[in-house]
Amino acid sequence: MLEVEHLSVRLGDVDLLRDLSFSVPAGSSLAVIGPNGSGKTVLFRALIGALPHSGSVRWAPGARIGYVPQKLDLERDLPVTGRDLLFARARLAARPPSEIDSALTRVGLLPDVLKKLVGTLSGGQFQRLLMAFALLTSPTVLLLDEPTAGVDEPGQERMNDTVRRLQAEGVTVLLISHDLSVVFRFATNVLCLTRDHTCFGIPREVLTPDILAQVYGEPVGLFVHDEPAR
Amino acid sequence: MSLPASSVILSASMAVAAGLIGSYGLMRRMTLAADAFSHVALPGIGVAILFRVNPLAGALVALLLGALLIWTLEGRTRLATETIIGVVFSAALAIGALLTTGEQLMDALFGAPGALSNVELIAGLAGAAAVTAFVLLARDRLIVTFLSSDIARTAGIDVRRLSLLYLLAFGVTVALGLRYLGALLMGSLMIIPAATARRLAPNLTGMLTIAVALSVFATLFGSWLAAQTGRETGPVIVSVAAVCFFLSLASRREGVR
């Protein structure tokens, strides 16, 4: 689905990402972890072509990308409703409006969100609205930037369920997460970014206490339960 | 004293374009930038007068070049558009003032009403129609892009091209209003009705509709009022728009939403 070779992103004299290489097979899931400022969001933005970079980013032909950013800097009183956004997306993708309802159902949102201004939605509601927005075009790959950050516990569970269902449908998922339990449950592979070290591989093999200490800058206690990995 | 029909039609279509472009300008966070951007017309007017061509043509060329300049800078630097426009086009105001004489400067800044030539009328109507058609056709792409250019990219929208088209449409709209409002006040007609609509509208369609209605109302009622009272047209139009904005503040407190 995705091949990345020697990807580097520079801003002025600063390396935001240096010489990253990894691949994401179709239908698999990649978790991206790292401390704040390690370039996780930069990586996603480079992958969708929003940042100039060196090296190569190759998506499989015909890949349809859905991107759910961590948050948008919205003004609260902007008169743009959920309906405005979703209908705009549906029209652009030439999808019938009926698919908006099913996209809302898939992310567990009630239709009344269509009438609300997007700036007044809670963090969790807005995340799920962006998810529904991405799902409207039946993406083959989803890029999720901390989809559960700032979302309450039930909201997190619902978001995780949605992601799991999409995985079961064969959607390739790239996920930035701070939550190691999520990483172990969801990810086929993990990519960790730190200032001077990157690692890539299967979570159980790569995420040694040593690596985790480097990623988070301090020792991290971790209990790996023997629940079935997906 | 009545206004000629051609003048009414042209100013109304200019107002439609201003309301539409201004609404998206607010979403693009160009509130103050809209004002500064309109000042770039001045050096164009100055140069046009030096070479004895139609000042409005000179202004249009300067505005389109200004749009290209903003677009290029946005692509190369990470500065906010607001900052770029604020710096570059405030400088344009200074250069424009150096190139023009006192009376020409006042006309350029505040508008110079007078008989419309047929060429001006046709060019004006064509410009307003082009801007209106662009905003209505690109409506979905504009809203997704101004919400998040990253999401827009993954939706297959050519963000850079759309941004250039928007800025060019912005420049054309300022040029349309120069005769009636002048470079100093045209930015206000683009922003004030949109800002009022933003407070009152329940959704995007509502915002565009209210912004257009207020812009047309301010322009026509303001022109009529100016003619009745023997005042300059531009300042009266902007004052009418500003009164509408302050009235909208009051209605908001009563719980419009």
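Tutor: Two axes count as roughly parallel when the angle between them is under 35 degrees, as roughly antiparallel when it is over 145, as roughly perpendicular from 65 to 115, and as oblique for the rest. This is a predicted model, in which local features need pLDDT of at least 70 and side-chain atom pairs count only at pLDDT 80 or more, while totals for chains, interfaces and linings use all residues. Residues are numbered from 1 along each chain as its sequence is written, and chains are lettered from A and ligands numbered from 1 in the order in which they are written.

Student: Why are α1(B) and α10(B) called oblique to each other?

Tutor: Their axes cross at roughly 55 degrees and come within 6 Å. Axes are lines fitted to C-alpha atoms, for helices over the stretch in contact, and the angles run from 0 to 180 degrees between N-to-C directions. An angle of roughly 55 degrees falls in none of the named ranges, so the pair is oblique. Helices (H or I, at least four residues) and strands (E, at least two) are DSSP runs numbered from the N terminus.

Student: Is the crossing of α1(B) and α10(B) left-handed or right-handed?

Tutor: α1(B) passes α10(B) in a right-handed crossing. A crossing is right-handed if the near helix is turned clockwise from the far one by less than a right angle, and left-handed if anticlockwise.

Student: What makes α10(B) and α11(B) oblique?

Tutor: The axes of α10(B) and α11(B), which spans residues 204–229, cross at roughly 135 degrees and come within 8 Å. The value is not over 145, so the pair is oblique. The crossing of α10(B) past α11(B) is right-handed. Residues that make the contact include Leu189(B) and Pro193(B) of α10(B), and Met207(B) and Ile210(B) of α11(B). Contact here means that two C-beta atoms, placed from the backbone, lie within 7 Å.

Student: Why is Ser11(B) called buried?

Tutor: A residue is buried if 20 or more other C-beta atoms lie within 10 Å of its own, exposed if 12 or fewer, and partly exposed in between, with C-beta atoms placed from the backbone. Ser11(B) has 26 such neighbours, so it counts as buried. Ser11(B) lies in helix α1 of chain B. Leaving aside neighbours within four places in sequence, Ser11(B) is in contact with Tyr180(B), Thr219(B), Leu220(B) and Ser223(B).

Student: Is Ala169(B) buried or exposed, and how do you know?

Tutor: Ala169(B) has 23 other C-beta atoms within 10 Å, so it is buried. Ala169(B) is found in helix α10 of chain B. Not counting residues up to four places away in sequence, Ala169(B) touches Ile21(B), Val131(B), Phe134(B) and Val135(B).

Student: Which residues of α7(B) are buried?

Tutor: They are Gly124(B), Gly127(B), Ala128(B), Val131(B), Phe134(B) and Val135(B). They cover an arc of only 130 degrees around the axis, which puts them on the same side of α7(B). The arc is that of the directions from the helix axis to the C-beta atoms. These residues pack against α1 (5–27), α8 (139–147) and α10 (159–200) of chain B. Exposed on the other side of α7(B) are, among them, Asn118(B), Val119(B) and Ile122(B).

Student: How does the reach of α7(B) compare with what is expected?

Tutor: α7(B), residues 118–137, has 20 residues and reaches 28 Å from its first C-alpha to its last, close to the expected 28 Å. The expected span is 1.5 Å times one less than the number of residues. In chain A, α5(A), residues 153–168, has 16 residues and reaches 23 Å, close to the expected 22 Å.

Student: What puts the buried residues of α5(A) on one face?

Tutor: The buried residues of α5(A) are Met159(A), Thr162(A), Val163(A) and Leu166(A). Seen down the axis, they fall within an arc of 95 degrees, so they line one face of the helix. On the other side of α5(A), Glu153(A), Pro154(A), Arg165(A) and Ala168(A) are exposed. Just after α5(A), Gly170(A) takes a positive phi of about 95 degrees.

Student: Why are Ala94(A) and Arg52(B) called exposed?

Tutor: Ala94(A) has 7 other C-beta atoms within 10 Å, so it falls in the exposed class. Arg52(B) has 7 C-beta neighbours inside 10 Å, so Arg52(B) counts as exposed. Ala94(A) lies in the loop between α2 and α3 of chain A, and Arg52(B) in the loop between α3 (41–50) and α4 (55–76) of chain B. Phi is near 55 degrees in Ala94(A) and near 55 degrees in Arg52(B).
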